[in-house]
Amino acid sequence: MTAEKGASACFLVAMLAALGLAVVYWQGGQNQLEGILLAVTSGGIGCGIVLWAKHYMPGEEVSEEREPLASSEEDIEAFRRDFEAGETSLRSRRFLLASATGALIAFGGALLFPIRSLGPRPGVGLKRTPYAPGNIRVVQADGKPLKPGELPRDGVVTVWPEGHVDAPDSPTLLIRTRASQDFQPVAGREDWTVDGVVAYSKLCTHVGCPVGLYQAEVGLLLCPCHQSTFNVLEGARPVFGPAARSLPQLPLAVDDDGYLVAQGDFSGPVGPGFWDRDR
Amino acid sequence: MRVRGRLLAIAAVGITTAVATPFAASAQQQPDQQVIDKGARLYATGCSSCHGSDGGGVEIKDGGAGGPSLQHAGAAGAYFYLSTGRMPAASSTEEPKRKEPAYTPEEIDALVQYVASLGDGPELPRLDPANADLAEGGEVYRANCQACHSASGSGGALSYGRAAPALGSATPEQIAAAVRVGPGQMPVFGPDTLSKKDLNNLVRYVRYLDNPEDPGGLPIGRTGPIPEGFVAWMVGMVAFIGLVLWIGTRAPIPSRKPKEEQP
Amino acid sequence: MLTRRLARWIDSRLGTAKLARTVLNKVFPDHWSFMIGELALYCFIILLLTGVYLTFFFDPSANLTTYQGSYEALRGVEMSEAYRSALELSFDVRAGLVMRQIHHWAALLFLASIVVHLARVFFTGAFRRPREINWMIGVTLLVLAMFNGLAGYSLLDDQLSGTGLRIVYSITLSIPLIGTWITSLLFGGEFPGPDIIERLYVIHILLIPAVIVVLLTAHLWIIVRQKHTQFSGPGRRENNVVGKKMWPTYAAKALGLFFLTAAVVSFLGGVFQINPIWIYGPFDPAEVSSASQPDWYMAWLDGALRIMPGWEIRAFGFEIPNPFFPGVLLAGMTFTLLYAWPFLEARVTGDYDEHHLVDRPRQRPVRTALGVATLSFYTLCFLGAGADVLAQTFGLSVNAVLWSFRIGLLVLPPIAGWTTYRLCKELAARDGVPVASQVRMRDIPRRLRRGSNAA
């Protein structure tokens with residue numbers, strides 16, 4: 001088959017495929033067929049053109065001289081003269097030039113102010129969660145409060161402060177460790193657990209992904225984003241990966257009705273670190 | 001990988017129909033002492049060396065045989081481990097893997113009833129597929145399961161060599177049992193944090209994930225950027241390079257002449 | 001006849017005939033590796049075309065709604081308008097999904113073509129005088145393309161894109177002194193922020209594409225102005241350019257390549273499912289899936305985040321958080337080094353001359369070795385982003401995999417560099433190609449400090 005026949009066959013196939021595409025679309029559409037027919041259409045046109053170019057268009061190499069890129073000295077000199085002719089008239093009014101420059105800088109500065117409207121001043125919001133007032137029940141996603149006994153051994157559930165379900169900074173993991181596991185409370189947090197139930201912020205201290213993987217057998221929490229690993233039995237201390245800080249712990253207690261409550265806010269700001277986190 | 005996954009799935013479907021039907025029937029009956037006795041005999045020969053003659057467990061010493069107590073395993077625990085072939089395990093120290101069940105469905109039924117009689121473990125959850133809501137199941141799945149098993153149900157790595165298995169080959173009964181039992185590294189989801197209705201919906205979604213709609217074409221794992229990047233380079237970029245090789249010239253480049261050498 | 005009259009009509013008003021004739025007779029050296037940049041250009045055109053189509057259906061809004069579309073597994077689920085409209089585009093708009101998939105595949109290949117093009121320019125030394133400006137424009141285009149890709153896949157508000165945005169937020173937050181301010185202004189508050197999707201939309205469809213169009217125009221104009229480089233060969237000198245004329249052969253080949261590029265991405269878009277957002281579900285800040293990765297061109301940063309040991313600097317109640325080092329410092333150093341490379345190389349070699357004949361990689365063992373070493377570093381970072389998937393696929397411990405990457409990042413680049421250096425020397429000797437570079441590796445630090453005259 002000659003290249004000419006090949007190329008025109010390509011164009012013909014492209015036409016048929018375009019027709020097919022129209023039919024497929026008109027019949028209700030089918031993604032795979034649409035993609036393939038589109039590919040055949042454009043591929044046919046592309047192949048046809050390339051075959052045409054390779055076989056029937058002038059293929060001989062031509063040579064072209066490269067002109068020097070830089071301008072000639074005369075041109076540069078002429079430009080310099082013309083520019084300086086104008087420049088002297090500007091220079092002669094030095095004060096005017098200085099004040100105009102100042103005004104332009106001020107203009108640029110003034111334009112920066114509207115940027116401030118883009119967001120609020122970062123403040124205590126980064127360091128506090130809705131748990132802060134204390135004695136707030138922890139509730140499940142459906143708003144249901146929990147008694148300690150309702151969480152089975154090896155169990156884990158995500159909870160929020162009551163009235164703030166889905167608050168992005170306060171998802172909390174309630175974990176009930178195994179009887180056989182040697183839970184060692186952090187010094188000063190001996191009364192932060194209730195009946196083997198411990199609560200940590202679900203947000204990784206690395207870049208804030210929800211630390212969702214609880215390995216019950218070994219008491220480890222693993223972050224699926226960057227594999228930071230925290231030991232639940234030792235105050236959620238980081239044992240592997242890029243996270244450098246423990247998951248903040250929530251001081252738990254039970255209220256008069258036997259439901260789990262937070263005594264106060266987390267042991268530290270939740271989620272990723274920032275410059276003045278500890279100030 | 002895909003082919004093997006398919007085969008496993010087909011094998012699993014075969015097993016389910018064989019296993020689940022008699023079990024589902026017996027679950028509704030009162031415990032039958034004859035069946036429990038049969039289970040006890042099977043237990044004594046097949047399980048007691050690791051789990052103890054009374055199901056109280058045997059401590060693992062120096063790599064010897066040993067295993068946990070079964071007093072809280074319940075029907076769900078026994079059913080999950082036996083029907084997925086994870087028990088009996090070849091080794092006491094390695095994480096048990098899914099394989100062909102060692103017992104017949106009747107034997108599993110007997111063992112399950114025997115283990116259930118040992119203590120207060122979870123019952124096998126009753127499922128009602130006809131009334132399961134797929135979308136609500138998806139919400140339960142994403143809230144509780146995808147962190148380990150991945151959004152597509154293809155499983156995922158845990159720390160220190162452990163892994164959450166792919167869910168494709170799990171039967172509805174096995175999924176439900178696993179949720180209540182928390183086998184291996186998996187946490188336990190009790191009825192107070194994941195209701196019966198949630199569980200029923202969840203099972204439907206997990207089964208759906210085994211063969212979901214793929215309107216976009218070949219699913220390439222449904223796990224996102226890694227297989228996509230692989231296809232982009234290995235199919236797309238290879239095709240691109242092939243095209244420019246075809247269109248552009250490939251004349252060998254002669255060596256540079258010494259007189260034009262640059263420092 | 002009509003075209004002739006039209007041409008004359010235009011010429012009588014604009015006087016374009018002379019310019020047009022220059023364009024027709026423009027000579028392009030014909031080598032397959034010179035067409036890779038064109039691939040990137042064509043991907044960009046396809047991105048514009050498909051992207052415009054997508055904007056007709058996409059609703060960049062964080063307002064909550066309940067899905068009632070045709071995908072059963074999400075019906076009744078609460079989600080943002082952005083995610084809902086992306087689902088509708090995928091399931092209920094005829095040809096919507098195939099357009100979305102072509103757009104996404106074209107984006108992956110746009111970046112891949114840019115990177116291969118950059119490697120081609122680097123390893124052949126085509127960035128040397130007088131092409132430093134175009135090199136820097138090219139690097140800028142790479143950065144913009146990366147950010148626009150990120151902005152694009154973050155728009156849909158599915159679980160994966162939300163997770164990606166959260167990581168972007170946290171990396172930005174880690175910048176000392178100004179991190180909290182930048183994130184607040186960018187996201188309109190604390191993560192997830194009420195405004196980020198609308199803002200990303202404007203950034204993705206207007207701001208960055210406009211800058212890309214301007215820079216692309218400059219990139220191409222500079223190529224025309226400076227004339228393309230060529231490999232040396234019979235009749236090819238520093239002061240000429242040998243190749244095919246623009247009209248008709250080169251133009252036809254270029255047009256053919258455009259259609260073939262479109263064919264490849266259409267094929268991918270039709271046959272391979274990409275970014276199945278319906279499986280990921282709507283974004284919820286308390287949820288994440290295992291095996292969450294960014295698109296391939298951001299993966300090296302994600303991998304660097306994973307490989308980084310758990311160190312951070314704390315003093316006097318202030319801290320430099322861990323993500324700053326891989327996320328900001330490494331990224332900043334990477335692009336600074338890329339921008340500065342032509343000048344650094346000239347300083348070391350003392351070669352400030354114009355070059356229009358490009359090198360073969362083997363002629364420049366030191367440059368090639370450094371390039372391969374650097375590439376091996378970023379390839380390891382890239383693979384590090386898949387540490388969990390690698391561990392799962394090959395039954396390994398994810399901790400062991402990450403430790404191998406930590407060690408590999410220190411060990412592999414020198415080995416790769418040294419091997420490349422030896423290989424270049426061998427190949428050059430076998431081919432009888434003179435080795436152009438006389439610079440020794442150990443002289444580089446001194447030459448960088450004092451300039452090449454010190455050598």
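Which helix of chain C lies across β1 and β5 of chain C, and at about what angle to β5(C) does that helix run? Before turning to the answer, it helps to look at chain C as a whole, bearing in mind that the model described here is predicted.

Chain C has 455 residues, and its radius of gyration is 25 Å, which agrees with the value near 23 Å that a compact globule of this length would have. Taken along the principal axes, the box filled by the C-alpha atoms of chain C is roughly 70 × 70 × 45 Å. Within chain C there are 17 helices together with 8 strands, and 54% of the residues in this chain are buried. If one considers the contacts in chain C between residues at least 6 apart in sequence, 75% of them join residues that are at least 24 apart.

Some of the strands take part in a sheet that involves two chains, for an open sheet of 3 strands is formed in the order β1(A)-β5(C)-β1(C), with antiparallel pairing. Its edge strands, each of which pairs on one side only, are β1 (62–65) of chain A and β1 (27–28) of chain C. Between β1(A) and strand β5 of chain C, which covers residues 240–245, there are 4 bridges, and these two strands run antiparallel. Along this pairing, Val62(A) is found opposite Gly243(C) in β5(C).

With the sheet in view, the opening question can be answered: the helix is α10 of chain C, residues 246–271, which lies across β1 and β5 of chain C and runs at about 75° to β5(C).

Definitions and conventions: Residues numbered from 1 in each chain as written. Chains lettered and ligands numbered in written order. Predicted model: local features only at pLDDT ≥ 70, side-chain atom pairs only at ≥ 80, totals over all residues. Rg over C-alpha atoms; globule rule 2.2 N^0.38 Å. Buried ≥ 20, exposed ≤ 12 C-beta atoms within 10 Å, placed from the backbone. Contact = placed C-beta atoms within 7 Å. Pairing = 2+ DSSP bridges. Axes fitted to C-alpha atoms, helices over the stretch in contact; angles between N-to-C directions.
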